[in-house]
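Here are some short exercises to help you find your way around a new structure. Try each one yourself before you read the solution.

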Amino acid sequence: MENHSASARLMLNHATTLNLHTGNLVNRSRLKKKCPSSPSEELQDCITATLSEWSSKIPSAVDKELPDTLNCTLTQPTEAITPEEREELKVSVKLFLSGSNCSCIRDAVEMACSALGVAQLDSVIIAPPPLLEGDSLSLEHLQPLWEELERLVQSQKIAAIGTSDLDKALLEQLYTWAQVKPSSNQVNLASCCVMPPDLTAFAKECDIQLLTHNDPKELISATSFQAAVQESVKELLVADWSLEWVLRYSVIVKSRGIIKSKGYLVQAKRSNTDHTSSYSS
């Protein structure tokens, strides 16, 4: 086991990008032993389990040519969706951004399409990056992210796009400005037990679906992400690694409303090489 861990450490100390895919969690028995208490805990468990399994499969002697990008996926990959069943299924995604790099959105969407074997995602909800203390979300924050989503709708990579945690005023500003209108807005019921009446009225008038969620403002903190990596690859310099984005997907059988598969795609970058350009929009 130590040899595998040393090989994984060697690869992670060389690579600059880590792409991690948890595979289908619906079939993952190890997570059923204990039910995660929150979306954050579930994600942390998934990162540790996926990295641990991946590192245990690495040969003790790794090639001299180490890759710059590591694709860390589980041995039982997600069952790709066949063209015959595609009509019956709805592929929904929520994308959590860690920084203001808009090109991340396209990378994440393309990675999800590739992992699930589909040409288009049915819906993508964007969760903007956490703001600095004292800042509040504004239309200016959302515009570059939304324009990137609109381009993906125009190129038919996404059918519908939605937002998360916008109040009535901000949702109205986005709706008025956007070329592709938001089809949904998620509301966190922890912050309000009842849907605000002005938001409900506006959403009804503009045919925007109001959905509920229980995700924290920051799905996983930098510390928790590094702890999850550290737990699976001992003695790694985890401080070099930071999260770029997390994409959570679910594939739902439309006629029965059951979840066929769900999972996470995660991308992280190692920062002691020069990644300054990756934070420009």
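**Exercise 1. How many helices and how many strands does the protein have?**

Solution. Start with the ground rules: this is a predicted model, where local features need pLDDT of at least 70 and side-chain atom pairs count only at pLDDT 80 or more, while totals for chains, interfaces and linings use all residues. Residues are numbered from 1 along each chain as its sequence is written, and side-chain values use heavy atoms, with hydrogens and water left out.

Now count: you should get nine helices and nine strands. Both are DSSP runs numbered from the N terminus, with helices being H or I of at least four residues and strands being E of at least two.

Next, look at burial. Of the 281 residues, 48% count as buried (buried means under 20% relative accessible area, exposed over 50%, partly exposed in between, with a 1.4 Å probe and protein chains only).

Finally, check the contacts (heavy atoms within 4.5 Å). Among those with a separation of 6 or more, 74% are between residues 24 or more positions apart.

**Exercise 2. In what order do the strands form the sheet?**

Solution. Walk across it and you'll read E2-E1-E9-E8-E3-E4-E5-E6-E7, an open sheet of nine strands with mixed pairing. Two strands pair if DSSP finds at least two bridges between them.

Then look at the ends. Strands E2 (69-73) and E7 (209-213) each have a single partner strand, so one side of each has no neighbour in the sheet.

Last, the twist: neighbouring strands are turned by 20° against each other on average, direction ignored. Angles here run from 0 to 180 degrees between N-to-C directions, and axes are lines fitted to C-alpha atoms, for helices over the stretch in contact.

**Exercise 3. Trace the pairing from E2 through E1 and E9 to E8.**

Solution. Begin at the edge. E2 has a covered face with Leu-70 and Cys-72, and an uncovered one with Thr-69, Asn-71 and Thr-73.

Step over to strand E1 (residues 17-21), which runs parallel to E2 and is joined to it by five bridges. One pair to spot is His-21 with Thr-73 in E2.

On to E9: five bridges tie E1 to E9, and these two run antiparallel. Here Asn-19 sits opposite Gln-267.

Then comes E8, antiparallel to E9 with twelve bridges. Look for Arg-248 opposite Tyr-264 in E9. The two strands make a hairpin with four residues between them, and Gly-257 in the turn has a positive phi of about 65°.

**Exercise 4. Are the faces of E6 covered or uncovered?**

Solution. Take one face at a time. Ser-184, Gln-186 and Asn-188 lie on one side, Asn-185 and Val-187 on the other, and all are buried, so both faces are covered. That makes five of five residues buried.

Now the neighbours. E5 and E6 run parallel with three bridges, and Thr-163 has Asn-185 in E6 as its bridge partner. On the way, E5, helix H7 (residues 168-177) and E6 make a right-handed β-α-β unit (right-handed if, with the strands pointing away from the viewer, the path from the first strand over the helix to the second runs clockwise).

Toward E7, strand E6 (residues 184-188) has five bridges, again parallel. Ser-184 partners Gln-209, and Asn-185 stands opposite Leu-210.

**Exercise 5. Which strands does helix H6 lie across?**

Solution. Helix H6 (residues 139-154) lies across E3 (89-97), E4 (121-127) and E5 (158-164), running at about 160° to E5. Helix H9 (residues 222-232) packs on the sheet too, touching E8 and E9, and its direction makes about 85° with that of E8.

Now find the partner helix. H5 (residues 103-116) packs against H6 at about 40°, with axes 9 Å apart.

List the touching residues: Ile-105, Arg-106 and Val-109 in H5 meet Leu-145, Glu-148, Leu-149, Arg-151 and Leu-152 in H6. They divide into five nonpolar, no polar and three charged (Ala, Val, Leu, Ile, Met, Phe, Trp, Tyr, Cys and Pro count as nonpolar, Asp, Glu, Lys and Arg as charged, and the others, Gly among them, as polar).

To finish, find Glu-140 in helix H6. Glu-140 is exposed, with a relative accessible area of 57%.
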